[in-house]
Amino acid sequence: MKTYICPNCDSESRFKGLCRDCTTYDDDGNVVNAVRREELGKHVHDENCGHHHHRHTPTIEQFRAARRPKLTKKQMQRYYDILKEAEFTEGTVEEAKQVLLAGINNEEE
């Protein structure tokens, strides 16, 4: 069963609503300052809790990379063949790009 507590006086109750002790009323019985009970054990998110779910806007490069079409199986096989012919087994991504571009230029000629 759910239990609700008052954030000010820590009094427990089985129903949510206003805390009768901490809520202030005027002479007519109307609420002046309402204090709501919170569910026991429920984490309340505030600005200091460390949960920041702000989404960063992507850069132009990230946007284009996300929309870039994936290579087909034939294109991937062609690139792997170019790398095998150049005996490229270790190196950086930039070096692989240079080998691939050189292989594509040789095929076009």
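Is Asp 10 buried or exposed in this predicted model? Asp 10 is exposed, because its relative accessible area is 53% and a residue counts as exposed when this value is over 50%.

**Figure 1. Overview of the protein chain, shown as a predicted model.** The protein chain has 109 residues, and 14% of them are buried. Its secondary structure consists of 5 strands and 3 helices. Read from the N terminus, the order of these elements is β-β-β-β-β-α-α-α. The accessible surface amounts to about 10,100 Å². Carbon and sulfur atoms hold 49% of that surface. Among contacts in the chain with a separation of 6 or more, 27% link residues that are 24 or more positions apart.

**Figure 2. Close-up of Asp 10 in the loop between β1 and β2.** Strand β1 covers residues 4-5 and strand β2 covers residues 12-13, with Asp 10 in the loop between them. The phi angle of Asp 10 is near 60°. This is a positive value in a residue other than glycine. Asp 10 has a relative accessible area of 53% and is exposed.

**Figure 3. Close-up of Thr 3 in the segment before β1.** Thr 3 is partly exposed, because its relative accessibility is 22%, a value between the limits of 20% for buried and 50% for exposed. The C-alpha atoms of Thr 3 and Ser 13 lie 5.8 Å apart, although 10 residues separate the two in sequence. Setting aside neighbours within four places in sequence, Thr 3 is in contact with Glu 12 and Ser 13, and also with Glu 38, Glu 39 and Leu 40. Ser 13 thus appears both in the C-alpha distance and in the list of contacts.

**Figure 4. Close-up of Arg 36 in the loop between β4 and β5.** The loop that holds Arg 36 runs between β4, residues 31-33, and β5, residues 38-39. Arg 36 counts as exposed because its relative accessibility is 60%, and the exposed class begins over 50%. Beyond its neighbours within four places in sequence, Arg 36 is in contact with Pro 7, Gly 17 and Leu 18. The C-alpha atom of Arg 36 is 9.5 Å from that of Arg 20, a residue 16 positions away along the chain.

**Figure 5. Close-up of a patch of positive charge on the surface.** Four residues gather in this patch: Lys 2, Lys 16, Arg 36 and Lys 42. One of them, Arg 36, is the loop residue of the view above, lying between β4 and β5. Its relative accessible area is 60%.

**Figure 6. Close-up of Arg 37, a buried residue in the loop between β4 and β5.** Is Arg 37 buried or exposed? Arg 37 is buried, because its relative accessible area is 13% and the limit for buried is under 20%. Arg 37 and Tyr 4 are 33 residues apart in sequence, with their C-alpha atoms 5.7 Å apart in space. Residues up to four places away in sequence are left out of the following list of contacts. Arg 37 touches Tyr 4, Ile 5, Cys 6 and Pro 7, then Ser 13, and also Phe 15, Lys 16, Gly 17, Leu 18, Cys 19 and Arg 20.

**Figure 7. Close-up of Tyr 79 in helix α2.** Helix α2 spans residues 73-85 and includes Tyr 79. Tyr 79 counts as partly exposed because its relative accessibility is 24%, which falls between the 20% and 50% limits. Which residues does Tyr 79 contact, leaving aside its neighbours within four places in sequence? They are Leu 71, Leu 100 and Ile 104. Tyr 79 and Gly 103 are 24 residues apart in sequence, and the distance between their C-alpha atoms is 8.6 Å.

Technical notes:
Residues numbered from 1 in each chain as written. Predicted model: local features only at pLDDT ≥ 70, side-chain atom pairs only at ≥ 80, totals over all residues. Heavy atoms only, no water. Helix = DSSP H or I, 4+ residues; strand = E, 2+ residues; numbered from the N terminus. Buried < 20%, exposed > 50% of the residue type's maximum accessible area, 1.4 Å probe, protein only. Contact = heavy atoms within 4.5 Å. Areas by Shrake-Rupley, 256 points an atom, 1.4 Å probe, with all protein chains shown as cover. Patch = residues over 30% accessible without salt bridge, like charges linked within 9 Å, V, L, I, M, F, W, Y side chains within 5 Å. Salt bridge = Lys/Arg side-chain N within 4 Å of Asp/Glu carboxyl O. Lys, Arg positive; Asp, Glu negative; His and termini not counted. Charge placed at Lys NZ, Arg CZ, Asp CG, Glu CD.
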